[in-house]
Amino acid sequence: MAFISTFVISMLFSQLVFVCHCNPTCKLEYPIGEIPVYKEDRYYVHFAQNLEFLEAEFFLWSSYGYGLDVMEPWLTKGGAPPIGAQKANLDPFTLNIIKEFGNEEIGHLRAIDSVMGSITRPLLNLTSENFEQVFDEAFGYKLEPPFDPYRDSLHYMLSSYIIPYIGMNGYVGMNPILKGYASKRLVAGLLGTEGQQDAIIRMYLYERANEVVYPYGYTVADFTSRISNLRNKLGMCGIKDEGIIVPRELGAENRTETNVISANYYSLAYSRTPPQILRIVYTTGDEHIPGGFYPNGANGKIARDFLRKI
């Protein structure tokens with residue numbers, strides 16, 4: 001038995017030595033002679049960076065009680081601090097999720113800065129009143145009491161349902177337009193994480209689909225459907241958004257009414273263009289008129305060009 005053990009250990013060691021001496025390369029292979037980042041690539045990624053700033057500040061403030069100005073002030077590039085951001089009343093489980101999301105968004109901003117350079121952080125409106133207006137519009141009347149995203153974990157996750165999905169839509173729409181290999185690699189990585197964040201939020205809410213959101217008398221599923229319908233209305237251009245419970249004709253292969261993942265007829269992620277995204281995050285239904293989460297408008301060439309066309 002001792003001989004066998006010694007033999008096995010010697011074989012494992014020899015394999016380890018072989019692995020160490022073969023000197024494998026783990027570097028990603030990119031096309032030789034190709035341009036890593038085109039100028040136009042920067043315009044599109046900088047447009048998406050507006051959403052990354054929004055997510056970073058919302059998640060960081062809600063979990064830590066402070067944002068980029070404390071944690072990574074250099075990433076703001078001198079942009080004004082957000083309005084109305086505050087620490088949310090989160091249970092430990094939800095708090096850990098949102099802390100992780102916030103730190104991931106710091107990583108996203110660092111990644112964009114390292115590959116593309118950065119835009120200045122736009123002025124962000126994270127007041128409870130701004131979220132209140134979004135939910136009022138989604139339901140078609142003023143909710144009483146006013147909806148407060150910072151009230152508790154469920155209210156907060158319903159509010160979070162509004163944000164990462166839009167960023168994911170933007171990356172899906174942007175991907176075929178990019179030319180540089182470094183640009184495509186960056187966006188693929190950002191898209192992957194944004195999609196996972198959205199899936200976690202949707203699963204969190206799906207587990208509570210039939211729970212009534214106090215004190216409004218509507219279920220969690222009702223809330224997600226209302227928000228998705230509002231985003232479709234503001235963004236225009238058809239259905240690109242679905243709640244966590246849908247009619248069977250919108251379910252996967254028309255066989256389910258559960259809808260943990262929002263996807264199109266082929267179960268592919270929906271895409272949105274910059275104008276469609278601005279109509280939603282401005283909450284004005286018009287890419288030329290700022291408001292909502294961006295009271296002074298988003299930054300970067302694409303967003304500013306729309307503002308100049310007012």
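In this predicted model, Tyr 265, Tyr 266 and Leu 268 make a nonpolar surface patch of about 430 Å². Tyr 266 sits in the loop between helix H9 (220–235) and helix H10 (274–281). The relative accessible area of Tyr 266 is 61%. Exposed means over 50%, so Tyr 266 counts as exposed.

Leu 109 presents the opposite case. This residue belongs to helix H4 (residues 92–116). Leu 109 has 0% relative accessibility and counts as buried. The limit for buried is under 20%, so a value of 0% places Leu 109 in that class. Neighbours within four places in sequence can be left aside. Leu 109 is then in contact with Gln 49, Glu 52, Phe 53, Ala 56, Leu 68, Leu 75 and Ser 118. A distance along the chain was also computed for this residue. Lys 309 is 200 residues apart from Leu 109 along the chain, and the two C-alpha atoms are separated by 28 Å.

The overall architecture was examined next. The chain contains eleven helices and two strands. From the N terminus on, the order of elements is α-α-α-α-α-α-α-α-β-β-α-α-α. Along the principal axes, the C-alpha atoms fill a box of roughly 80 × 50 × 45 Å. The chain has 310 residues, and 48% of them count as buried. Contacts between residues at least 6 apart in sequence were also sorted by separation. Of these contacts, 71% join residues at least 24 apart. The accessible surface of the chain comes to about 15,000 Å². Carbon and sulfur atoms account for 59% of that surface. The chain carries 27 positive and 34 negative charges. The mean positions of the two sets are 6 Å apart.

Charged pairs were then considered. A search of the whole structure finds twelve salt bridges. One of them joins Arg 121 and Glu 57, with the closest N and O atoms 2.6 Å apart. Arg 121 lies in the loop between H4 and helix H5 (128–139), while Glu 57 lies in helix H2 (residues 39–64), so the pair ties together parts that are 64 residues apart in sequence. Both partners were checked for burial. Arg 121 is buried, with a relative accessible area of 2%. Glu 57 also counts as buried, at 0% relative accessibility. The two residues take part in a network of salt bridges that links Glu 57, Asp 69 and Arg 121.

Another salt bridge is formed by Lys 77 and Asp 113. Here the closest N and O atoms are 3.2 Å apart. Lys 77 is in the loop between helix H3 (68–71) and H4, and Asp 113 is in helix H4, so this pair ties together parts that are 36 residues apart in sequence. Lys 77 is partly exposed, with a relative accessible area of 35%.

Arg 272 and Asp 241 form a further salt bridge, with 3.3 Å between the closest N and O atoms. Both residues lie in the loop between H9 and H10, so the pair ties together parts that are 31 residues apart in sequence. Arg 272 and Asp 241 are both buried. The loop between H9 and H10 also holds Tyr 266 from the nonpolar patch.

Backbone geometry was inspected last. Most residues other than glycine have a negative phi, and most peptide bonds are trans. Some exceptions appear in the chain. A cis peptide bond joins Glu 144 and Pro 145, with omega at about -5°. Pro 145 is placed in the loop between H5 and helix H6 (153–160). The peptide bond from Tyr 214 to Pro 215 is also cis, and omega is near 0°. Pro 215 lies in the loop between strand E1 (212–213) and strand E2 (218–219).

Positive phi values were found as well. Lys 77 is not a glycine, but has a positive phi of about 55°. Lys 77 is also the salt-bridge partner of Asp 113. Asn 254 is not a glycine either, and has a positive phi of about 55°. Asn 254 is found in the loop between H9 and H10. With a relative accessible area of 38%, Asn 254 is partly exposed.

Terms used:
Residues numbered from 1 in each chain as written. Predicted model: local features only at pLDDT ≥ 70, side-chain atom pairs only at ≥ 80, totals over all residues. Heavy atoms only, no water. Patch = residues over 30% accessible without salt bridge, like charges linked within 9 Å, V, L, I, M, F, W, Y side chains within 5 Å. Areas by Shrake-Rupley, 256 points an atom, 1.4 Å probe, with all protein chains shown as cover. Salt bridge = Lys/Arg side-chain N within 4 Å of Asp/Glu carboxyl O. Helix = DSSP H or I, 4+ residues; strand = E, 2+ residues; numbered from the N terminus. Buried < 20%, exposed > 50% of the residue type's maximum accessible area, 1.4 Å probe, protein only. Contact = heavy atoms within 4.5 Å. Lys, Arg positive; Asp, Glu negative; His and termini not counted. Charge placed at Lys NZ, Arg CZ, Asp CG, Glu CD.
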